[in-house]
Amino acid sequence: MDIENICLDIKDWIINVRRDLHKTPELGLKEFETKAKIKKYLDEIGIDYTEYKNTTAIVAHINNNFDKTVALRADIDALPINEELDLEYKSQNQGIMHACGHDAHTAILLGACKVLYENRDLLKVNVKFFFQPGEEIGAGKYMIQEGCLENPKVDMIFGLHIGSHIKTGYIEIKKGTAAASTDRLILKVLGKNGHGAYPHEGIDAIVIASYLVTALQSIVSRNIDPTDSVVISFGRIEGGHKGNIICDEVKLTGTLRTLNEDTRRIAKQKIKDMCENISAGFGGKIDLEIIPGIPSLINTSELVDFVVKNTSELLGSDKVLKKEKSPLGAEDFAWFLQKVPGVFFNLGCGNEEKNTTYPIHNSKFNIDEDCLLIGTMIHVKNILSLS
């Protein structure tokens with residue numbers, strides 16, 4: 001099968017799908033119009049699909065009663081960012097845009113769905129196509145809870161994410177841990193207010209919080225193996241009443257990122273210990289809440305080799321960039337990889353001539369749409385190479 005030419009025949013269709021989705025971005029678990037559009041395209045293809053009661057998820061499927069079932073996944077939600085680019089297909093929903101490229105992921109998956117369904121007689125595996133809502137809020141676990149990996153049971157899964165830091169025509173892939181776990185940190189520092197001229201009569205929550213933000217960084221520098229990677233960042237601090245009043249309450253909101261469960265456990269315990277000891281030293285109190293988030297994303301090494309081989313045959317071995325270090329960003333595809341073997345990789349969409357090098361989550365983010373064809377080809381190649 002000439003995968004490139006077959007996919008090339010629907011390149012314009014995939015681009016139009018992506019632009020259609022780009023116009024109507026929606027936030028996680030509220031992707032109602034997006035879901036309606038996906039259903040419209042699936043109906044056009046003629047493929048069967050399943051909807052779920054508790055989320056906006058859709059799973060299309062080609063079931064030929066083979067012993068092996070493989071899933072392909074795309075995320076469908078957008079971000080609360082106001083789009084700055086003046087595109088013909090610019091977001092019509094004020095304050096929301098596909099600044100992370102999920103419209104491209106969805107269009108690529110619909111392209112693969114179309115090609116594979118029209119050539120289903122060539123398949124040697126059952127295929128499920130996961131259109132997942134709420135990736136930005138870690139909602140992949142809800143699809144799993146609703147049974148997307150069952151009936152028939154999924155044996156392996158593949159996913160991709162476009163990246164403007166990579167040139168169009170290239171992919172980036174890593175064996176083992178390829179993204180970090182993420183936990184939300186909420187700290188309420190409790191003191192006692194008083195007059196700013198008489199600080200000894202109060203307990204200054206701002207001073208405690210200031211020491212705490214600095215001290216917690218010693219967990220990274222002094223309590224964790226320096227060859228390991230940990231990040232503790234606070235992005236929001238709230239507190240205080242007036243310049244001459246000792247503050248009685250400060251709220252800190254932040255994130256903990258780690259690459260393995262042992263380090264994650266150690267870091268959490270150290271945060272708890274430090275909060276308790278520092279607050280006691282100043283005579284205050286800290287209410288700490290650590291909200292568990294997404295686990296580390298761990299690619300299956302053998303399947304990474306499989307994707308590398310297939311992509312090299314399609315694009316050339318020089319177009320496969322093998323990543324050595326794990327980033328501290330998170331990706332909720334990790335929920336699926338906790339359950340079944342699989343691979344998640346990055347697909348280049350950066351092109352300086354087309355002004356598509358702004359990073360994801362940026363109000364000027366856009367893609368080189370040539371990447372849509374490449375992503376579709378890789379999905380199709382991976383599925384057709386399985387037996």
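In the predicted model, Asn65 is exposed, with a relative accessible area of 66%, which lies over the 50% threshold for that class. Asn65 is placed in the loop that runs between β2 (58-62) and β3 (69-75). Although Asn65 is not a glycine, its backbone adopts a positive phi of about 60 degrees. A positive phi, here of about 70 degrees, is also found at His361, again a residue that is not a glycine. His361 belongs to the loop between β16 (342-350) and α10. With a relative accessible area of 41%, His361 is partly exposed, since partly exposed residues fall between the limits of 20% and 50%.

A further backbone feature concerns the peptide bond from Asn151 to Pro152, which is cis, with omega near -5 degrees. Pro152 is located in the loop between α5 (140-145) and β5.

Two buried positions were examined through their contacts. Ile47 occupies the loop between α3 (32-45) and β1 (48-51). The relative accessibility of Ile47 is 3%, so this residue counts as buried, the limit for that class being under 20%. When neighbours within four places in sequence are set aside, the contacts of Ile47 are Leu42, Ala60, His61, Ile62, Cys113, Tyr117 and Phe129. The C-alpha atoms of Ile47 and Lys153 are 19 Å apart in space, with a separation of 106 residues in sequence.

The second position, Asn382, lies in helix α10 (residues 370-384). Asn382 has a relative accessible area of 0% and is therefore buried. Beyond residues up to four places away in sequence, Asn382 touches Phe158, Phe306, Val307 and Asn310.

At the level of the whole protein, the secondary structure comprises ten helices and 16 strands. The radius of gyration is 24 Å, close to the 21 Å given by the globule rule for 387 residues, so the protein is as compact as a globular protein of that length. Along the principal axes, the C-alpha atoms fill a box of roughly 80 × 45 × 45 Å. Of the 387 residues, 53% are buried. Contacts across the sequence were also assessed: among those between residues at least 6 apart, 80% join residues at least 24 apart. The surface exposed by the protein amounts to about 17400 Å², of which carbon and sulfur atoms supply 47%.

The largest pocket encloses about 1100 Å³ of space. Its lining consists of 47 residues, and those nearest the pocket centre are Glu135, Arg257, Gly329, Ala330 and Glu331. Divided by class, this lining contains 19 nonpolar, 17 polar and eleven charged residues. Strand β5 (residues 156-167) contributes five residues, the largest share of the lining of this pocket.

Strand β5 also serves as a reference for the cis peptide bond described above, as Pro152 sits in the loop between α5 and this strand. Helix α10 likewise relates two of the residues considered here, with His361 in the loop between β16 and α10 and Asn382 within the helix itself. These two residues belong to separate accessibility classes, His361 being partly exposed and Asn382 buried.

Notes: Residues numbered from 1 in each chain as written. Predicted model: local features only at pLDDT ≥ 70, side-chain atom pairs only at ≥ 80, totals over all residues. Heavy atoms only, no water. 1 Å grid on protein atoms, 1.4 Å probe; cavity = no way out; pocket = protein on both sides within 12 Å on 5 of 7 lines; lining within 4 Å. Points joined across faces, edges and corners; volume = space filled by probe spheres on them. Helix = DSSP H or I, 4+ residues; strand = E, 2+ residues; numbered from the N terminus. Nonpolar A, V, L, I, M, F, W, Y, C, P; charged D, E, K, R; others polar. Rg over C-alpha atoms; globule rule 2.2 N^0.38 Å. Buried < 20%, exposed > 50% of the residue type's maximum accessible area, 1.4 Å probe, protein only. Contact = heavy atoms within 4.5 Å. Areas by Shrake-Rupley, 256 points an atom, 1.4 Å probe, with all protein chains shown as cover.
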